[in-house]
Amino acid sequence: MRAFVLDHAAPVLDRPLHARDVPTPEPGRGEVRVKVRACGVCRTDLHVVEGELPARRPRITPGHQIVGVVDAIGPDVDATMRGARVGVAWLHRTCGGCRFCVRGRENLCERADFTGWTVDGGFAEHTIAPADFVYPIPDRFDDLAAAPLLCAGIIGHRCLRTTGIERWDGARLGIYGFGAAGHVAIQIARGRGAEVFVCTRDRARHQALARVLGASWVGDTLDAPPVPLDAAIVFAPAGEIVPAALAHLEPGGTLVLGGIHMSDIPSLPYSRIDRERVIRSVANNTRDDGRAFLGEAAALPVRTHVQRYPFEGVNDALIALKHDAVRGAAVVVLQ
């Protein structure tokens, strides 16, 4: 099969993913093989390709927002899975036995594998995944629309949960950074009745899309929203946003950091977090998060805004993402 392989980390402008002919993988016990139709391009892929996430194996095929069809199954897999349309996400496999897994916090598993980082991912014609870790794709979403839901959507959903907001009707939510995750999270938050205030630097793409999706207010990254916020989510991987976002939280509000990687957070005065303001990070997701999100997204429904790239254009998609030149989400299409 054809796959795009990263031999070693390098700037995306060097176009470090190389097309290779590699053996088509065979599923092992409890696994399925997925014929990839589409794969979203995520900022975490940038962190893998450029080495901000340290290499965990000498060569890797990135990509972890995978939509495809099961075309082979391993032993101990229900035969009805053959031919199913499924999604494969960032959390590839957990151990099931560590102190976090047994407490229902598998997103913190000490021995987890991650699609496109520790195991080969979806910038390829086929990929392998444990049958218990794939998601049925709701019929409402075609392949292109579904791909961004499998990381940007799921992680955005977990961020919303982590805000601690219990009564969403009339809640005031801030979103910092408005790429793939932000443009899905705003739809879920507004569907629950919240007002959403978006801070993002790109006026032509991101700010314009935020207005289309119903933001109550849109400003630049460090602008002050017109009202105090009950909670805010930082999707941009920029630590300098944290002190500014804290300054606009209500007492008792929560600031959620939604990225798997972020630049250093500068020092800040204690007054920014007094009166019980909270900073929380989000680490991966559980399978329950994924299932809950896909159900809510289908019921609303969420409408993803997508820029389509051909399979051979995966480096182009990464470069566009690096320069914030994607309106919504980038998706590589194989079929």
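**Exercise 1. Determine in which sense strands β10 and β11 pair, and over how many bridges.**

*Solution.* Step 1: locate the strands. β10 covers residues 172-176 and β11 covers residues 195-199. Strands are DSSP runs of E with at least two residues, helices are runs of H or I with at least four, and both are numbered from the N terminus.

Step 2: apply the pairing rule. Two strands pair if DSSP finds at least two bridges between them. β10 and β11 pair in the parallel sense over five bridges.

Step 3: name one pair of residues. G174 has F197 in β11 as its bridge partner.

Two remarks on the source apply to every exercise. The model is predicted, with residues numbered from 1 along each chain as its sequence is written. Local features need pLDDT of at least 70 and side-chain atom pairs count only at pLDDT 80 or more, while totals for chains, interfaces and linings use all residues; side-chain values use heavy atoms, with hydrogens and water left out.

**Exercise 2. State the order of the strands in the open sheet, and explain why β12 and β15 each have one side without a neighbour in the sheet.**

*Solution.* Step 1: recall the principle. Strands of a sheet pair through backbone hydrogen bonds, either parallel or antiparallel.

Step 2: write the order. The six strands follow one another as β12-β11-β10-β13-β14-β15, and their pairing is parallel.

Step 3: examine the edges. β12 (217-219) and β15 (278-281) each have a single partner strand, so one side of each is left without a neighbour in the sheet.

Step 4: give the twist. From one strand to the next, the twist averages 20 degrees. Axes are lines fitted to C-alpha atoms, for helices over the stretch in contact, and angles run from 0 to 180 degrees between N-to-C directions.

**Exercise 3. Describe the surroundings of strand β13 and of helix α3.**

*Solution.* Step 1: find the partners of β13. Four bridges join β13 to β10 in parallel, and I175 is matched with I233 in β13. Five bridges join β13 to β14, also in parallel, and A231 stands opposite T254 in β14.

Step 2: consider burial. A residue is buried under 20% relative accessible area, exposed over 50% and partly exposed in between (1.4 Å probe, protein chains only). Five of the six residues of β13 are buried, so this strand is largely enclosed by the rest of the structure.

Step 3: turn to the helix. α3 packs on the sheet and touches β10, β13 (229-234), β14 (249-257) and β15, where contact means heavy atoms within 4.5 Å. The direction of α3 makes about 155 degrees with that of β14.

Step 4: assess α3. Because 10 of its 11 residues are buried, α3 is largely enclosed by the rest of the structure. Among the buried residues are A152, H157, R158 and T162. Just after α3, G164 takes a positive phi of about 80 degrees.

**Exercise 4. Decide whether D45 and N285 are buried or exposed, and list their contacts beyond four places in sequence.**

*Solution.* Step 1: D45 lies in helix α1. Its relative accessibility is 1%, so D45 counts as buried. D45 is in contact with G40, P62, G63, H64, F123 and L318.

Step 2: N285 lies in the loop between β15 and α7 (287-299). With a relative accessible area of 2%, N285 is buried. N285 is in contact with L91, N107, Y135, I154, I155, R158 and G290; I154, I155 and R158 are among the buried residues of α3.

**Exercise 5. Characterise the largest pocket by its volume, its central residues and the composition of its lining.**

*Solution.* Step 1: define the terms. On a 1 Å grid over the protein atoms alone, a pocket is an open set of points where a 1.4 Å probe fits, with protein on both sides within 12 Å along at least five of seven lines; lining residues have an atom within 4 Å of a point. A volume is the space filled by probe spheres set on the points.

Step 2: give the volume, which is about 990 Å³.

Step 3: identify the lining. It has 47 residues, and R43, H47, F235, A236 and P237 are the closest to the pocket's centre. α1 gives the most, with four residues.

Step 4: classify the lining. It divides into 25 nonpolar, 15 polar and seven charged residues. Here Ala, Val, Leu, Ile, Met, Phe, Trp, Tyr, Cys and Pro count as nonpolar, Asp, Glu, Lys and Arg as charged, and the others, Gly among them, as polar.
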